[in-house]
Structures are given as structure tokens and as C-alpha cells.
Amino acid sequence: MNLHEFQSKQLFADYGIATTLGKWVATPEQALAAARELGGASWIVKAQVHAGGRGKSGGVNRANSLDALQASVAGLLGTRLVTAQTGPEGLPVAGVLIEQPCAIARELYLAVTIDRSRERVIFIASAVGGMNIEEVAAEQPDKILTFVVDPIAGLQAYQCRKLGFALGLADKQIGALNKIMLGLYRLFMEKDASLIEVNPLIVTEAGELLALDAKITLDDNGLERHPDLMALRDASQEDARENAARQYGLNYITLNGNIACMVNGAGLAMATMDLIKLHGGEPANFLDVGGGTSAEKVAQAFKLILSDSKVKAILVNIFGGIVRCDLIAEGIIKAAAEVGISIPVVVRLEGTNVERGRELLKNSGLAIINADGLTDAAKKAVTSCK
């Protein structure tokens, strides 16, 4: 789950991480009041969406008067901001963050995440931060610094000092970096985050270190331990089908293809998508209905699939170990009765009660394309789209 910048900065403040706190507003009138409360003669207006690259896409603007501030806020609210990370559809802007500008001397990059190959928390940093950090990582990987945190000892002060020297910071700035990094690490561990990114971490002209931006991604598996953070979820920034799937305990991710998949088991779902690609097709989604599914859950899965206008065929690939094949068949029939299925449906069933499941589908009156094995199913699904 992603947090907005203003939410992330509040958490930063709670953990003693030096940052630029502003005011979140949802109307031009609120923006005017926020600017007067913050003071100053100019302000930064930041669109609050769950995507990077806002500065390159008109989502971060400077206003040098109150009239310009109101115009900038009015021009962003209610629009969809398109960045390199959102795709062409963009994300809705329901609020903006108003901040005072900072006198920036240097821009750095700092992040905490998990290196799954090492099974460790790592820090990533660069002396070249800012909007072009992706290009730096791709074209100048030697400028990206990483180090591993020992899970027993935790983050050590010497590691912070070593990184400070590598970033070319002065003595007092290294002390400030130490405090920021210790706060980030504590926040990361205590809130079950999977990524905390500060881009840029700035050195001001006065020599101070401040987190000018803040991005936090939380591990969904840990959210039950943090109901306060769960309440910060902004569903408008997430895929509507993925949100609906979550309510029914379905693991669903929207993709760009036209062959929908409904599979039980994440590994089998990945293999199904791979075979679709291998035979010239494009999967429209990842959908794992889980091991202990029901007819109702399968029906909801079909409704999700059919709500995607790009879908031209459906491949159902079920291995009935825990889940029974007849329950899957009942769910398909129930979905067809409720919403109708006018596109080809390729079904591969194997396992518990498979014969009963096939019989139910055969007698349902649906135009089901039966498949003998996964490869045959993938080929038939690709062919049915042509």
C-alpha cells in the first residue's frame, strides 16, 4: 500500500526525520488559508498522487503570489495527472500539498528497502539525486551506493558516517544524516514498510539536511498490525478491480493483454501467463482465486474479469487439490447466469471431482472450450482471440 507524500512526511516528523511539513488542501480557498498560515511570499504546490515524476509532468509548481497559488491549485484539482509511472490514464488529483520553497544547494538520494536475494534490509544512496535518478541508475550505476543492515545488530552509526563521507557531507551534516537514517530504519521496521524513498534529500544553502520529498510503500501483509495506517489507504489511487478483488480475498493484478486468467495458486498463475506469452498471446491479468475458494468467490472473479473491456477470452486453469473442480464449475455457471459470458472460455480442470466439474460445464449450455493440459489450454486461448 502506498502513502501520499503529505502522509509520509507526517510519519517522518513522528520519527524525528527532518522534513518540510506543509498543508494538505482540497480547494483553492483552503490553499489560500494554508499559504497565509505558512507565511512567506511564494509557495510550492504539489499534486498528491501515488506516482513519481510529478515535477516533469506539471504536478509540482511554484506560485509567487496568492493569485498564482489559487490558479495553480484550481488547475490541478479534479484533473488526472499523467507521469511516466502512471500510464496514459493518469491518476486523479483530489488534493495538493502547499509548502514553502527551500534554498537548495545539493540534491541527494536516499532509500531503504529489502534486498530479497540477500534477505536483508539495505540502504541505497547517491550523491546525484533529484528527478533524473532513474537515468543515473541506468547510465551511471557506479554512482549508486548500497550497504546491508545486519538484522541482529541493526543500523550502526559507523555505517551512517561512512555513507556521509561517500556523499561528500561535512561533519555536522554527517551527524544530521545519522539521525535521518536511524529514523528511517526505525520507521521501516516498526511500520512494516517495503520501501521508504527520499528523493531528493537536500542540503540547503544554510547547510541543513531536509527530506524534500517522501515516499512510503507498506507491506500489505503487515497492515493488520497497523489499523491506523490502513485507514490512510486512498482507493482512488489504486486499480478499481484490484480493490474489488481485495474485498473477496482474491489476488488480482491488472495487466495490459486481452486473455484473462483465473487460476488457483500463484505459481500456477505465473506459469499460465508464461505459456500464454510463449504461444503469442498477452495476459490481461494475474488472478489467483486461492486454495480454499468457493462458488461465490469464483463468480466474483468472473465479474472482475468481464469488467475489463480489453478481455477477448478467458482461460480457467484449475488444479483441484484443496479446491474442488465442481465448485469451480458451479462458480463459472453462476457468473454466466448473473452477468452473461459472450467471449470464449477455455477451461482446463484437473484434480478433485474433475469429472463432476466437467459434467456440470458440459450440461450448463455455456460455450466452454475444454482443454487437455495446460499447453493445449494456452494455445486454444490464444487462437480464440484471433
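**Two helix pairs and a buried asparagine**

Helix α5 passes helix α6 in a right-handed crossing. In this predicted model, the contact is formed on the α5 side by Ala157, Cys160, Arg161, Leu163, Gly164 and Phe165, and on the α6 side by Ile174, Leu177, Asn178 and Met181. Sorted by character, the residues of this contact comprise 7 nonpolar, 2 polar and 1 charged. The two helices, α5 spanning residues 157–166 and α6 spanning residues 171–190, pack at an angle of about 130°, and their axes lie 9 Å apart. Because angles over 145 degrees would count as roughly antiparallel and those from 65 to 115 as roughly perpendicular, α5 and α6 are oblique to each other.

A second pair is made by helix α9 (residues 266–278) and helix α13 (residues 374–384), which pack at an angle of about 50° with their axes 9 Å apart, and α9 and α13 are therefore likewise described as oblique to each other. The crossing of α9 and α13 is right-handed. Leu268, Thr272, Leu275 and Ile276 of α9 meet Leu374, Thr375, Ala378 and Val382 of α13 in this contact, whose residues divide into 6 nonpolar, 2 polar and no charged.

Turning from helices to a strand, asparagine 199 is found in β10, which covers residues 193–204. With a relative accessible area of 16%, asparagine 199 falls under the 20% cut-off and therefore counts as buried. Beyond its neighbours within four places in sequence, asparagine 199 is in contact with Leu108, Tyr109, Gly129, Gly130, Ile133 and Asp213.

Conventions
Residues are numbered from 1 along each chain as its sequence is written. This is a predicted model: local features need pLDDT of at least 70, side-chain atom pairs count only at pLDDT 80 or more; totals for chains, interfaces and linings use all residues. Side-chain values use heavy atoms; hydrogens and water are left out. Helices (H or I, at least four residues) and strands (E, at least two) are DSSP runs, numbered from the N terminus. Buried means under 20% relative accessible area, exposed over 50%, partly exposed in between (1.4 Å probe, protein chains only). Contact means heavy atoms within 4.5 Å. Axes are lines fitted to C-alpha atoms, for helices over the stretch in contact, and angles run from 0 to 180 degrees between N-to-C directions. Angles under 35 degrees count as roughly parallel, over 145 as roughly antiparallel, 65 to 115 as roughly perpendicular and the rest as oblique. A crossing is left-handed if the near helix is turned anticlockwise from the far one by less than a right angle, and right-handed if clockwise. Ala, Val, Leu, Ile, Met, Phe, Trp, Tyr, Cys and Pro count as nonpolar, Asp, Glu, Lys and Arg as charged, and the others, Gly among them, as polar.
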